[in-house]
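Q: Please take a close look at one part of this structure, the packing of its helices against one another, and then place that part within the chain as a whole.

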Amino acid sequence: MASSFGSSYSGLKCRDGIFYAGSNTHDLKKWPAQSIPIGHQGRRKCRVGVSVVRSQGADVAELQASSSGPLLVPRQRYCEATHMTIRRKTRTVNIGGVTIGSEHPIRVQTMTTTDTCDVQATVEQVMRIADKGADLVRITVQGKREADACFDIKNTLVQKGYSIPLVADIHFAPSVALRVAECFDKIRINPGNFADRRAKFETLEYTEDDYQKELEHIENVFSPLVEKCKKYGRAMRIGTNHGSLSDRIMSYYGDSPRGMVESAFEFARICRKMDYHNFLFSMKASNPVVMVQAYRLLVAEMNVVGWDYPLHLGVTEAGEGEDGRMKSAIGIGALLQDGLGDTIRVSLTEEPEYEIDPCTRLAKLGMEASRLQRGEPFEEKHRHYFDFQRRTGELPSQKEGEEVDYRGVLHRDGSVLMSVTLQQLKNPELLYKSLATKLIVGMPFKDLATVDTILLRELPPVEDKSARLAIKRLIDVSIGVLTPLSEQLTKPLPNAMVLVTLDEFSSGAHKLLPAGTRLAITLRGDEPYEELAILKNSDAIMLLLDLPRTDKKVSRVHASRRLFEYLQENQLNFPVIHHLQYPSGTERDDLVISAGSEAGALLVDGLGDGIFLEAPDHDFEFLRTTAFGMLQGCRMRNTKTEYVSCPSCGRTLFDLQEISAEIREKTSHLPGVSIAIMGCIVNGPGEMADADFGYVGGAPGKIDLYVGKTVVKRAIAMEQATDALIQLIKDHGRWVDPPKEEE
């Protein structure tokens, strides 16, 4: 076998999980799909190098290199349609009488945080969760004592009239899984640690025989559980986590979405071999971008081999509050918009019953999106489904003769726009603070999380010198000021950018403005191509993508994808701002979840250059921080400390909510720093793949500290652990003192 086909080989095809080279597959050498290399060190020997993939239908795929290197990324179909939400067709999985799959509602679930051995506390928490409307409850089962307690938990719940299905969460313990399968309705196994040893993040080298022996070992360990699940009619979730892949998988595929998929497929193949099909998949990560890529890749691979298993969606270790809800909305919502997902969990560092409300809102959003069933088909050539490549709009440049610097009105990593009222202009210093500027002797200057551009729907009268001076001071520090065409024509504001509708631009109304006036164009995104063609004659500084929420018949996500495709096909590099306007009465959580699902679904694909949120019932600070939180959740612009915080479970060795709040209070001013706060070692080095520093429960009352995935200090008394974490950050040169408020 040749060691490489070169930089690309379009004759390589995949059918039924087997790759073939050449035009005639009958007499050519063939290689299993998992034997294709992806450019990492420490690989199985005698493997084929490839770097192409294009869709050839549901059962044939080619391969192409990702933007980050020779990682193979499939380009085959991952959803039913790219122009509308059509729910992916799946088989039905039965979990203790609750059915999951495309023919059923999207189910919601959560996980207990009590000590599983405390039967009474666990039962009471399960009842509270069930009363909030959960369809399933997961309970951690880490040992024989916990497995024995599960029988009492189940029996007590039945006696109290609760029939909610229970799911056992298993790590490292095949024998425990066998025991609890006798009483619980579903077993969740983590393929990264069910049969493999705990990852040491070592690069391993395998021959073909070595690797086959590893697969045989997995089958020997796993098949008894499959047999027991078949015997008792139990369901199973093969739940991969990005950060807890085995050394074997990481040596093969890297710490990547492809590694996540292959890890799950190894176990699924055993299930299928044993004619067991009552299972579903999950591909969780704390990074919403990685999570979305992994699920899409999973479905694409299932399409190739003709599998139809349901999906459990979740962003693991999302955190708490608006940040946790936003991360979950971005990841889960993006997939629901593509018709993917049959059950969901929003993982929050809060009481588990609080997860049900955002779960329910997301499930409702997903079901409504799939009912819309309207969209104009278009050919999609430019969006990257499986690897993040941002379409970056061309930032403003300075033109000769301009009195002010427009280069700062948008930010290269993602911009935030806000609407400002005449009332706010009456107190300039308070306005400057609300825009998150840095005040020096009462004068505003840009800071890390300062709003980039403001929209003044109404300009102050020309004679209102005070208000106009307040605006001028913003313009002087490169904060953009937008105003509608009608306002600028009647009450001209020097150096303002003018917002025009696509119709106004087409009619030439903007030509009434002085030559050289900077324009921004607002549009819906679903206009006919002949109307969009006028953009080719524009040098607009930005586009505002604003599909009214009153239009219930058009999908914002799919109309936006169509617009971006048009812009890229015609090489129109305008920055595009997602403008979401919410009516009075919109609840706070609805705003966070819908914004994350709709705009976040586009930003995770690199489509968009900023966010503009408007909601009359919500305060300015909430809208600003929500917009910046979305950009950070989509891995665009970092303006605050990033936390990877597990939601707690029966394994947790300290009060996660209390410690999380304490650490956040002391470290929230460190943008660019990522801190993992993990209740135990299961959610420790493996599951904090994105973190710079880690605070992990090592034993009751003791904390281990990590740098990346490496433990650097062990068994620190909890009372000193937060200070020790801060010192660790200082030792690595990542600490700055909190800013002092100006007197």
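A: In this predicted model, helices H8 and H17 are oblique to each other, because angles that are neither roughly parallel, roughly antiparallel nor roughly perpendicular count as oblique. Helix H8 spans residues 321-337 and helix H17 residues 588-603; they pack at an angle of about 50 degrees, and their axes lie 7 Å apart. Their crossing is right-handed. On the H8 side, the contact is made by Glu322, Arg325, Met326, Ala329, Ile330, Gly333, Ala334 and Gln337. H17 contributes Arg588, Asp589, Val592, Ile593, Gly596, Ser597, Glu598, Gly600 and Ala601. By residue class, this contact of H8 with H17 comprises seven nonpolar, five polar and five charged residues.

H17 also packs against helix H18 (residues 620-633), here at an angle of about 35 degrees and with the axes 10 Å apart. This crossing, too, is right-handed. From H17, the residues involved are Arg588, Leu591, Val592, Ala595, Gly596, Ala599, Gly600 and Leu603. They meet Phe622, Leu623, Thr626, Met630 and Leu631 of H18. The residues of the contact of H17 with H18 divide into nine nonpolar, three polar and one charged. Arg588, Val592, Gly596 and Gly600 of H17 appear in both contacts, with H8 and with H18.

These helix pairs belong to a chain with 20 helices and 30 strands. Of its 743 residues, 61% are buried. Among contacts between residues at least 6 apart in sequence, 69% join residues at least 24 apart.

The nonpolar cores complete the picture. In soluble globular proteins, nonpolar side chains tend to be buried together. The largest nonpolar core in this model has 180 residues, and Met236 and Phe281 are those with the most contacts inside it. Helix H7 (residues 288-305) supplies the largest share of this core, 11 residues. For Phe281, when neighbours within four places in sequence are left aside, the contacts are Ile238, Ala264, Phe265, Ala268, Leu298, Met302, Trp307, Tyr309, Pro310, Leu311 and His312. A second core, separate from the largest, has 28 residues, including Val644, Leu670, Ile716 and Ile726.

Definitions and conventions. Residues numbered from 1 in each chain as written. Predicted model: local features only at pLDDT ≥ 70, side-chain atom pairs only at ≥ 80, totals over all residues. Heavy atoms only, no water. Axes fitted to C-alpha atoms, helices over the stretch in contact; angles between N-to-C directions. Helix = DSSP H or I, 4+ residues; strand = E, 2+ residues; numbered from the N terminus. Parallel < 35°, antiparallel > 145°, perpendicular 65-115°, else oblique. Left-handed = near helix turned anticlockwise from the far one by under 90°. Contact = heavy atoms within 4.5 Å. Nonpolar A, V, L, I, M, F, W, Y, C, P; charged D, E, K, R; others polar. Core = buried A, V, L, I, M, F, W, Y, C linked by side-chain atoms within 4.5 Å. Buried < 20%, exposed > 50% of the residue type's maximum accessible area, 1.4 Å probe, protein only.
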